[in-house]
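Here are my comments on the two ligand sites, set out as numbered points. Please read them with the sequence and the structure open beside you.

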Amino acid sequence: MVENIGMHTSSNIHVREFVEKYSALCQPDQVVRCDGSEEEKQRLTQEAVTKGILTPLNAEKLPGCYYHRSNPNDVARVEQCTFICTPGPEEAGPTNNWADPREMTTKLHAMLEGSMRGRTMYVVPYLMGPAGSPLTKVGIEITDSIYVVLNMRIMARMGRVALDQLGTSDDFNRGIHSTLDCNPDRRFICHFPQTNTIISVGSGYGGNVLLGKKCLALRIGSWLGEHQGWMAEHMLILCVESPEGEKTYVAAAFPSACGKTNFAMMIAPDAFAGWKITTVGDDIAWLWPDANGQLRAINPENGYFGVAPGTNFASNPNAMRTIERDTIYTNVALLPDGDVWWEGKDGPPPANATDWQGRPWTPESKEKAAHPNSRFTAPMLNNPSLASEAGDAAGVPISAIIFGGRRATTMPLVFQAFNWTHGVYLGATMGSEMTAAAAGTVGQVRRDPMAMLPFCGYHMADYFNHWLSIRRKLIDPPRIFHVNWFRKNAAGEYLWPGFGENFRVLKWIVDRCRGRGKARETQVGWMPRYSEFDWRGLDFTREQWDELNKFDRAEWQRELLWQDELLLKLHDRLPKELIFQRELLISRL
Ligand code: GTP
Ligand code: SPV
Ligand code: MN
């Protein structure tokens, strides 16, 4: 007999039916319905510690923080195991894995049958978006992982607040997650947009299992957005406030592990006293044209699931302060005193550590102490630079959209699109080197349109069309830009200091949006002249600038051929605007 713990059985009959259906299938020993309370957090945390799922960290240095190691075979998103299950393959398009929804459901249900015997099933109601926002969505995630519950509690508005918003409606995302035996051969992350359902099995890691994040807020979200006239994007949202108090909101799409969290939490260099950057969101934006033709955005999340390596008090002090308390650390290195460490943290490497796989580590060790995709999960409210607007149901008005990739060659520091359509072309043809955030070949350049290649829940060409159609609902569309912080010289060194210095680029972008910044027209777009950049407090020579922004015709020709890889795949549905943009670029080159 299934025992009920926690909150009263939901009064929503659709939630009840959903939970009953999957508890009958998965056959857990008990069902725990989560209410999001502090008492519940304490109880589940204690249980996770008892079971060895979490290790308490040094209570003085890191109060309320815990450490987790995932299975070494399960450390990142797995794109080859991710499926969009629409009635026909053409809806998912050539950039997604497709499976027949009925066949896939049968296969997954067979794996789920009895999968929670001896385990607890947790029912996690959550909101993506601030309560009361027109775009906010309710999700119910069923999971057998206490780690998932405790992460969801940080990443989303979890518990009673979601059931209150749901009322008696059956309009909620149904998420089912079971870790099974964490076998990569039985790992599937499947999306069923038609029934607003997600089933994830065989993984316990991040974007595979925190179903509100990439699965609902991006894959299902993008599908809903296309049908309902809004956009779900892999974007940070920030606010730039000038010393005079002028606020400009900017959204930026960079692929996974390409700098969104850092950019969203950036601090302007000392020379720019009075300038303030605040964070609305660091990973996902939901955008919609409002009744006045203004593009607005909310961050649907409530926390940060951020990359640890490279995070330090010089690169991202706001993140360092954010993760000082009430944070879950996954796959970083553990120090003897219960502190944590990762490559690129402040100070010299520790003399002794335990690596992300639980093995002894010293600075002489050949392997990294922290996994390159090790992460922190931290509450948004911890962020010292949190924007006061971050929880606003009405969202913020967006003035600029930035696309950017990780490119060692070809791409200059920053340029501005000639117009919205050209900007959509820039986003659509964006390339970036692959990172450790997904299983695959790190460093290899691939096309990652709008940083959404792994996250677009429908046909990528229809997605481009959707971008173009949004323009028709905007009176003064955001200006669109392309940036690259990662260009290297022949010795393999970065040509641009990055991090806080990216503020100079941001300031130029804000000035362009406000009709103040100067630029020259180039083959690829509007670019700042060396003399038009604000260099106060930084010694960066014209020669460095020229190398950083060098236009190499041969590289651009190769770039155009690379774009064909993607454009040919999408050709039968590709909007003609993008074909024309490509032709225009060729003729300018
Ligand atoms: P996801 O959470 O995977 O979506 O990643 P993200 O886009 O938020 O990337 P994040 O800000 O976490 O940065 C990823 C890595 O890039 C970290 O190791 C950073 O230290 C590094 N990084 C971020 N910004 C810069 C930059 O301006 N220059 C350089 N060289 N590295 C950067
Ligand atoms: C990303 O890979 O873009 C992330 C981490 O933000 S995950 O939640 O695992 O997708
Ligand atoms: Mn991301």
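1. Which pocket does the space taken by ligand 2 correspond to? In this predicted model, the space that ligand 2 takes is the largest pocket. Ligand 1, for its part, also sits in the largest pocket.

2. On the surroundings of ligand 2, the residues around it are Arg-77, Gly-206, Gly-207, Lys-213, Lys-214, His-234, Ser-256, Asp-283, Phe-305, Arg-375, Ala-437 and Phe-455. By character, this shell divides into three nonpolar, four polar and five charged residues. Two helices, α7 (206–209) and α8 (212–228), are the elements that give two or more residues to the shell around ligand 2.

3. As to where ligand 2 lies with respect to the domains, both domain 1 (2–33 + 78–228) and domain 2 (233–299 + 390–588) give residues to its shell, and ligand 2 therefore lies between them.

4. The polar contacts of ligand 2 deserve a look in the viewer. An oxygen atom of ligand 2 is 2.5 Å from an N or O atom in the side chain of Lys-214, and an oxygen atom of the ligand is likewise 2.5 Å from a side-chain N or O atom of Ser-256. For Arg-77, a polar side-chain atom lies 3.0 Å from an oxygen atom of ligand 2. On its own, ligand 2 has 290 Å² of accessible area, and the protein covers 98% of this.

5. Turning to ligand 1, this molecule is surrounded by 22 residues, of which the closest are Ala-257, Lys-260, Asn-262, Pro-309 and Arg-375. Its shell divides into ten nonpolar, eight polar and four charged residues. Arg-375, listed among the closest residues to ligand 1, is also one of the residues around ligand 2.

6. Which atoms of the protein, backbone or side chain, lie by the oxygen atoms of ligand 1 at Pro-309, Phe-499 and Asn-502? In Pro-309, a backbone N or O atom lies 2.8 Å from an oxygen atom of ligand 1, and in Phe-499 a polar backbone atom is 2.9 Å from an oxygen atom of the ligand. In Asn-502, by contrast, a polar side-chain atom lies 3.0 Å from an oxygen atom of ligand 1. Taken alone, ligand 1 exposes 660 Å², and the protein buries 92% of that area.

7. Finally, the elements that give two or more residues to the shell around ligand 1 are α9 (260–264) and β19 (303–307). Of the elements, α9 gives the most to this shell, with three residues.

Key:
Residues are numbered from 1 along each chain as its sequence is written. Chains are lettered from A and ligands numbered from 1 in the order in which they are written. This is a predicted model: local features need pLDDT of at least 70, side-chain atom pairs count only at pLDDT 80 or more; totals for chains, interfaces and linings use all residues. Side-chain values use heavy atoms; hydrogens and water are left out. A residue is near a molecule or strand if one of its heavy atoms lies within 4 Å of it. A polar contact is a pair of N or O atoms within 3.5 Å; within protein, one must be able to donate a hydrogen and the other to accept it, and residues adjacent in sequence count only if both atoms are side-chain atoms. Accessible areas come from the Shrake-Rupley method with a 1.4 Å probe; for residues, only the protein chains shown count as cover. On a 1 Å grid over the protein atoms alone, a cavity is a set of points where a 1.4 Å probe fits but cannot get out, and a pocket is an open set with protein on both sides within 12 Å along at least five of seven lines; lining residues have an atom within 4 Å of a point. A molecule sits in a cavity or pocket if more than half of its atoms lie within 2 Å of its grid points. Helices (H or I, at least four residues) and strands (E, at least two) are DSSP runs, numbered from the N terminus. Ala, Val, Leu, Ile, Met, Phe, Trp, Tyr, Cys and Pro count as nonpolar, Asp, Glu, Lys and Arg as charged, and the others, Gly among them, as polar. Domain bounds come from an automatic or database domain assignment.
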